Amino acid sequence: MEKQAERPDECKKPASAVIKQDQNLIAIVNSLLDSLNDKEELLRNTTEASLFRIAKRRHDEIVEVLCEYRKKHPKLGDTHTLIILRVISYIAANLIDVIDPNTASKCIQYSTAEIIKNTDQNAAIQNPCREILVAVGRRYCKEIMEIFVKHLEENQVGNFMIMQSIGALATANVTDTVPYVKAILGLILPTLSIIKQDFLRQAYAYAIGRFCEAFSEYQEYQRQNPNEEIPMMTVVRYEIHDEISIIYDHFQAQWLSSREPKVTGEVLNAFSFMYPLLPVEKVSDQLAKTLSHVLRCFDLLAPEYGEKIIEILINHLRNNNERERIKSLLVVTHLTNTSEPVVRDKLPEIIGILKGMLATEKPIKVKIVLLKTVVAFMQKNFVHDREFVTFLIRSSCRQSKLNLDHGTLEEHQEFQRACNDTMHILSSTVGTVDQMLKLELLQAYLRYEYTDICGTIGKCLANLFTKDPELAVASERHNPFDENVQSADEAELASGIDERRYYELLFQFLQATIKDVDEYQFVESIIAEMFHQLPLYQAPGGGSGGSSGAQSIEFRIPPLEQEKRMVVKVFGVCLCHSLDEHLITNKIDLIITMAKGEKSEKNAPSEEFERLMQDYADALGYASVEHLEKVMAKLMTLVIDEGAVKKSSSFFSNLNFIKDSAREQEAYRLKVLALQTLNVIIYRAPREKVAQHYTDPVVRYLIVQFDSKELFIKQLVVNTLLALTDVFSPSDGDERMTSLRNKNDLHRICMATTTDHSNEYLPLFPSIIQLSTVLVQLNAEEQSLDVNGLLNSICFYFFTTAQHLKSRFESAEDDTRNSFLARFLNLSLPEVNRFIRTLLVQQNASPACLDDVHSILEKWLKDRNSEVRICACHVYNSTLEVYMKSMKIGCEAPSKFNQTGSMLGKIIPRCIDSNATVRQTAVEVLKKILEIACVYETLTVADSSVQWVSELDRIHEEIVTDDAKDIYRIASELAQIIAQRLSSYQYVQFSKCLLYGVADPEPSSVIGASYVLKFFMHVKGSEMFHAIPELVKECLYTRH
């Protein structure tokens, strides 16, 4: 779109109301105009030439004279009028940049008046008027468009020539026309149904088509120049899809069927400009309908003119024009499906052409249509040549380098997916090419260049063999895995499973098959075949992944590392069923050797080794089910014993620093492999064998490796130690985990992790708490472990981490960090509760033990961070719940709960907390404290039938309110319940703790505690007369 020329202010003449008139000029021009009535053509031509010469020098004055002359002579003849219009047209076309704005306005008004005066078609007069409007509109478009809009508003149907003029102006001045397009379409839409004359329909179709063209051009210019401001257009951001859709539907239903060819032609021309502005769905529907109608015509012609049609199509298939080939392929495909005999008569010739196209066609659009033709021919059993199947196989592969000159990326991907789907359909339904398809797929299955689609080929072969009648005969052999798949795993497979579960099912199938065949040679043949397949995973030229070979590869080759590791795991599964000692030892060595040879990318994080070694560890884990002694012997020789000997002198071992030397990297890989294998073995090998082979040196090796820097190694070690605690039996005298040295090291591990101030090892924290719980259980009979110190460390790390949680985020990094902390704190919270439960059970749930736990949690119950208070309240609530279930009642238990007053006084501020979750949980805590006191003092358990319990249940539901009045009303109710249930000897302690609540960081809690104390004093103050000095002293103390 060409941008309109700038109109600097200095080029514009100041607008004046009246142009100064030269009386001599007026007389001369009037005399010349009068002479136009002469019948002599030569005189008229001479006069017209004179007017042109005057107009060139005195343009403003002559336009004024012409307009006045027209007013005085309203009934001029066509010849006279036409010459005047030609003079004005000359001025508008050649002198528009220098004429006065008033002159331009007079030109517009004069032309418009002449158009409207002639309601009938008068091309001789009206065409020059249109030319004048278009010429003036190149610079003074706004005035013309305003006159046009006013004309449409005053008249139901616009003048046909004005419509054509505005349409032509939209093409000549896109920038200044577009702002009026939506308003004009809004005025035109209601009047379309009343337009009956063909010449009006033609004019409307012409104007609407040009509006659409201008709007499309403007949108494209904006797309290419998003930052450039266009005069008068910077605010235009509307769309006209809806209006164009309505007009399109009306044109198609009413005007397109007109008998007047000019109307039909103009409507079709307008359609070409409408399509870019229509919704994609509407365009697609219309094209599909049009195509179906065209193809239907071929159906009707085929019985009579089939031979001639095929000859024409064959000629077009040989055409160099891409469009012609596409259209011919579509018709051939359609006739193949509907008029088979017509195509069959010329089949050899068509097949020859198609084979040539399969080999030479490059444009993707042609290939997509060619694919449809190939499928149609296969369905009709027209093809018996391997080139067609090869075309499908090769086209299903992703190209290593796409040529975007032949199609967009999306078109290439669509074609590749279509070929994949076609192979599935042909292999599962159509039976005409089964044998040929089977032979080609079998040859392609293990070919390196078809690695990308080996999964597709495998599925297609499975479909083909399922249909094979020779394999359809039921075998007498019974496979137990069939029942499993049908009964349990079929639904899981259908609904989708994760990768780990998929491999579990796959190896179950392999093991079930081996057991079902029950032949020694079958297992040996699988192992031998896997061994021979290993070289297949080395890319040509020694590269890996197929991206860099000695020769260029046409198709994209995916990384083969995962598949290679899959083969390694098959080794492990098969070794379980082998009896050849030499073979077993040899293949275990092979697995370890392959693991040692794994290479990671340069500067890759150390965690990359975890992924690289995992599959090899799984393979050794599978083998350990039957051959644990051989696997452990190898690990002891290579890693554990060697590491124990060299631990003190190895630079790598002391500093945990991976240098670039190949030897140290190999040692590191072996260490990761050993730790992962030791972890896998525990879950796969029989428990009695694990207990036998995991000797004290193995346990010591695991403990020592926890000092590694890498998080994933620490996690492996802790997970393995936790799993070992389920295998060993300390009650039977097994000291591998209960020896003093090991317990001290486990305690050191737990304490060291809880001093991680940067939260680097936070993902390890849930497992560390589990290990701490196990450590408490291992010390059940001994009292050497400082369990309170361990609990204090766990709580300190947990709650200080929770202090970093935020309710508002300043950046995306804050959000990510918050999510990281919240995730692992949520995983740690149940483990904290489980640790406290174990602690209480071990210490027989005594009041002293509960007091120790409360003293640790007390600090965090009044932390400034609401997330910390929420967590602390949940832990406290869980602690009391466990205590209630574990506490002893009877002659050995105390008859009083002396901590009631203190615990109630300290939890009351949380019941009036600013956070609703804290308030609700604190009410639960308060209720449990009173229930525990009730059990100790009355030896009965209070249930919901008791009034104060039911009142607390009601308060628990109401305390979430945000209304301050309701909260303080509830505070008074809590004070009444406590006054009712609290023993008199605990009044003073309860009041003191409430006074300490004045130092709470939450203002609402301070006010709430004061309210409760006030109400409590009203009820029980007379019974604390002896403690007045002590309470006054505490009041004065809290003020300072």
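1. T373 is buried, with a relative accessible area of 0%. This value, like those below, comes from a predicted model. T373 sits in helix α18, which covers residues 364-379. With neighbours up to four places away in sequence set aside, T373 is in contact with L329, V332, T333 and L354. Among these partners, L329, V332 and T333 belong to helix α15 and are buried there.

2. Helix α15 itself runs over residues 322-338 and has 17 residues. At 1.5 Å a residue the helix should span 24 Å, and its end C-alpha atoms are 25 Å apart, so the expected and computed values agree. Besides the residues named in point 1, the buried residues of α15 include R325, I326, S328, V331, H334, L335 and T336. The N-terminal end of α15 is capped by N321. The cap rests on a side-chain oxygen of N321, which lies 2.8 Å from the backbone nitrogen of R323.

3. Which residues does M436 touch, apart from its neighbours within four places in sequence? They are V383, H384, D385, R386 and V389. M436 is located in helix α21. With a relative accessibility of 16%, M436 counts as buried, because the cut-off is under 20%. M436 can also be compared in position with F388: the two are 48 residues apart in sequence, while their C-alpha atoms are 9.8 Å apart in space.

4. R386, listed among the contacts of M436, also forms a salt bridge with E440. The closest N and O atoms of this pair are 3.1 Å apart. The bridge links distant parts of the chain, since E440 is in helix α21 (residues 434-445) and R386 is in helix α19 (residues 386-396), 54 residues apart. The two partners should be described separately for exposure. E440 is buried, at 10% relative accessible area, whereas R386 is partly exposed, at 47%.

5. A second salt bridge to look at joins R910 and D913, with the closest N and O atoms 3.0 Å apart. Are its two partners buried or exposed? R910 is buried, with a relative accessible area of 1%, and D913 also counts as buried, at 1%. The pair is part of a network in which salt bridges with shared partners join R869, R910, D913, D1000 and E1002.

6. The side chains of R58 and E61 form another salt bridge, with an N to O distance of 3.7 Å. Here R58 is partly exposed, with a relative accessible area of 29%, and E61 is buried, with 17%. The structure holds 39 salt bridges, and the pairs described in this note are examples.

7. S89 is placed in helix α4, which covers residues 78-94. S89 counts as buried, at 14% relative accessibility. When residues up to four places away in sequence are not counted, S89 touches E131 and I132.

8. The surface deserves a point as well. Where does the chain show a nonpolar patch? One is formed on the surface by Y445, L446 and L536, which together have about 300 Å² of accessible area. L536 belongs to the loop between α25 (520-533) and α26 (561-575). L536 is partly exposed, with a relative accessible area of 42%. That value is over 30%, so L536 passes the exposure cut-off for patch residues. Y445 falls within the range of helix α21, residues 434-445.

9. Some totals for the chain complete the note. The chain has 46 helices and zero strands. Of its 1040 residues, buried ones make up 50%. The accessible surface comes to about 52300 Å², and 51% of that area belongs to carbon and sulfur atoms. Counting contacts between residues at least 6 apart in sequence, 75% join residues at least 24 apart. The salt bridge between E440 and R386, whose partners are 54 residues apart, is one example of a link between distant parts of the chain.

Conventions:
Residues are numbered from 1 along each chain as its sequence is written. This is a predicted model: local features need pLDDT of at least 70, side-chain atom pairs count only at pLDDT 80 or more; totals for chains, interfaces and linings use all residues. Side-chain values use heavy atoms; hydrogens and water are left out. Patches are made of residues with over 30% relative accessible area and no salt bridge: like charges are joined within 9 Å, nonpolar side chains (Val, Leu, Ile, Met, Phe, Trp, Tyr) within 5 Å. Accessible areas come from the Shrake-Rupley method with a 1.4 Å probe; for residues, only the protein chains shown count as cover. A salt bridge is a side-chain nitrogen of Lys or Arg within 4 Å of a carboxyl oxygen of Asp or Glu. Helices (H or I, at least four residues) and strands (E, at least two) are DSSP runs, numbered from the N terminus. Buried means under 20% relative accessible area, exposed over 50%, partly exposed in between (1.4 Å probe, protein chains only). The expected span of a helix is 1.5 Å times one less than its number of residues. A polar contact is a pair of N or O atoms within 3.5 Å; within protein, one must be able to donate a hydrogen and the other to accept it, and residues adjacent in sequence count only if both atoms are side-chain atoms. Contact means heavy atoms within 4.5 Å.
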